[in-house]
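Please open the model in a viewer and keep the sequence at hand. The tour below proceeds from one selection to the next.

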Amino acid sequence: MEEPPHALAAPSHRQPYGWYARLRAQRPLFFDAVLGMWVVSDPDLLHQALRHPALRVRPAAEPVPGPLRGRAVGEVFSLLVRMNDGEFHRQHRPAVEQVAASMSDAEVTQAAEAATRDLAARTDPDALLSAIPVQTMARLLGVAPGALEETVGWVHDFTRGIAPGADAKALARADLAAHGLMAQGEASGLGRVAAANRVAFMHQTLDAGAGLLGNAIVRAQAGASPEAGELVTQVTRSDPAIHNTRRFAASELTLGGERIRQNDAVLLVLVPATFGGGPHGCPGERIAMRIAASALRTLQSSAALARFGPVQGYRPLPNARVPVFASQGTPWSP
């Protein structure tokens, strides 16, 4: 089997983990001329990079991606704690953490079970992977039952619109989604920043949640016998959903003996880590794992896993590992 040509192709490769191990051993930090960025895979260097004050989540000259500027979707992007550093991040990150902490395990379990039972009866298995985490989060955020379908659609449109290379149609749909999602938050009494980060709770669970649930299903199909919660925990270590994240040098710095110049891009290969760390560490790790475990348990108890055929490959995403299944049979009926 051919190896991944570079780190951004690894998440969608059939068997990338031997390649990752060789990368860590042989090229722990190097400049990839094909990608035009530094690639960091050594665990100690990753720890340093994730916490380095000069490595930011956005380029200093482009806090909002060019195609999003002046658009509704770009305004939401500019207010996301995940996409900011400095004083804005310090000021608003605690509120995001507080919202995550307020979601009890019991509430997450109940919402995930309800979302799984609602969606599994009428959703293609591959679409189900993304829809369950998003609908679960929407339920936790108080979206009314009659608005769940539209909300999940908006979150998908928003996510497609902020992806690099989104075309004019995707951007227009993302603008409409941004308006709808922000109106939901503001109608519940949230200010603009809080409403935008309410969107982020749903948006950030889409690919990450799909990967976590999908890779757990792969393990279950292979005959793994642990209880759903333990199986999901194992997957975060052996076949995680998120494989990399990016940083940009706000000023010149030295990392691992290499001089990284101002404005250089840095790709942080998180495997075998799980949810990253540092100031931008995932505040929803507990919630994501609980959603995946509860959804898997519900699918198992209803025999709905039989609808998931063999893995055909992985979605062509640069940072998330989400399996693509062959569909088996007719939609499950609860």
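Begin by selecting Trp38, which stands opposite Val266 in strand 7. Strand 2 (residues 37-40) and strand 7 (residues 265-269) run parallel and are joined by three bridges. Two strands are paired here if DSSP finds at least two bridges between them. Helices (H or I, at least four residues) and strands (E, at least two) are DSSP runs, numbered from the N terminus.

A note on the model is in place before the next selection. The model is predicted, so that local features need pLDDT of at least 70 and side-chain atom pairs count only at pLDDT 80 or more, while totals for chains, interfaces and linings use all residues. Residues are numbered from 1 along each chain as its sequence is written, and side-chain values use heavy atoms, with hydrogens and water left out.

**The sheet**

Next, select Val40, which stands opposite Leu268 in strand 7. Then display the open sheet of five strands, whose order is 1-2-7-4-3 and whose pairing is mixed. Strand 1 and strand 3 (55-56) are its edge strands, each pairing on one side only. Helix 2 (residues 43-51) packs on this sheet and touches strand 1, strand 2, strand 3, strand 4 (244-249) and strand 7. Contact means heavy atoms within 4.5 Å. The direction of helix 2 makes about 130° with that of strand 7.

Move to strand 1 (residues 29-32), which is joined to strand 2 by four bridges in an antiparallel arrangement. Asp32 stands opposite Met37 in strand 2. The hairpin of strand 1 and strand 2 has four residues between the strands, and Gly36 in this hairpin takes a positive phi near 70°.

**Two loops beside strand 7**

Select Asn263 in the loop between strand 6 (258-260) and strand 7. Asn263 has a positive phi of about 80°, although it is not a glycine. Then select Pro272, in the loop between strand 7 and helix 11. The peptide bond from Val271 to Pro272 is cis, with omega near 10°.

**Helices 7, 8, 9 and 11**

Two packed helices are described by the angle between their axes and the distance between the axes. Axes are lines fitted to C-alpha atoms, for helices over the stretch in contact, and angles run from 0 to 180 degrees between N-to-C directions.

Select helix 7 (residues 148-162) together with helix 8: their axes come within 8 Å and cross at roughly 130°. Helix 7 is therefore oblique to helix 8. Angles under 35 degrees count as roughly parallel, over 145 as roughly antiparallel, 65 to 115 as roughly perpendicular and the rest as oblique. Helix 7 passes helix 8 in a left-handed crossing. A crossing is left-handed if the near helix is turned anticlockwise from the far one by less than a right angle, and right-handed if clockwise. Residues to display in helix 7 include Trp154 and Phe158, and those in helix 8 include Leu171, Leu176 and Leu181. By class, this contact of helix 7 with helix 8 has ten nonpolar, four polar and two charged residues. Ala, Val, Leu, Ile, Met, Phe, Trp, Tyr, Cys and Pro count as nonpolar, Asp, Glu, Lys and Arg as charged, and the others, Gly among them, as polar.

Keep helix 8 (residues 168-187) and add helix 9 (residues 192-221); the axes come within 8 Å and cross at roughly 120°. Helix 8 and helix 9 are therefore oblique to each other, and their crossing is right-handed. Among the residues in contact are Leu181, Met182 and Glu186 of helix 8 and Arg192, Val199 and Met202 of helix 9. The contact of helix 8 with helix 9 has six nonpolar, two polar and three charged residues.

Now replace helix 8 by helix 11 (residues 285-301), which packs against helix 9 at an angle of about 45°, with the axes 9 Å apart. That makes helix 9 oblique to helix 11, and the crossing is right-handed. The residues in contact include Leu212, Leu213 and Ile217 of helix 9 and Met289, Leu296 and Gln300 of helix 11. They divide by class into eleven nonpolar, one polar and no charged for the contact of helix 9 with helix 11.

**A final stop: an aromatic pair**

Rings of Phe, Tyr and Trp (its six-membered ring) pair if their centres lie within 6.5 Å; planes under 30 degrees apart count as stacked, over 60 as edge-to-face and the rest as tilted. By this rule there are four aromatic pairs. One of them to select is Phe308 and Phe325, an edge-to-face pair with 5.1 Å centre to centre and 80° between the planes. Phe308 lies in strand 8 (residues 308-314) and Phe325 in strand 9 (residues 323-327), and the pair links distant parts of the chain, 17 residues apart.
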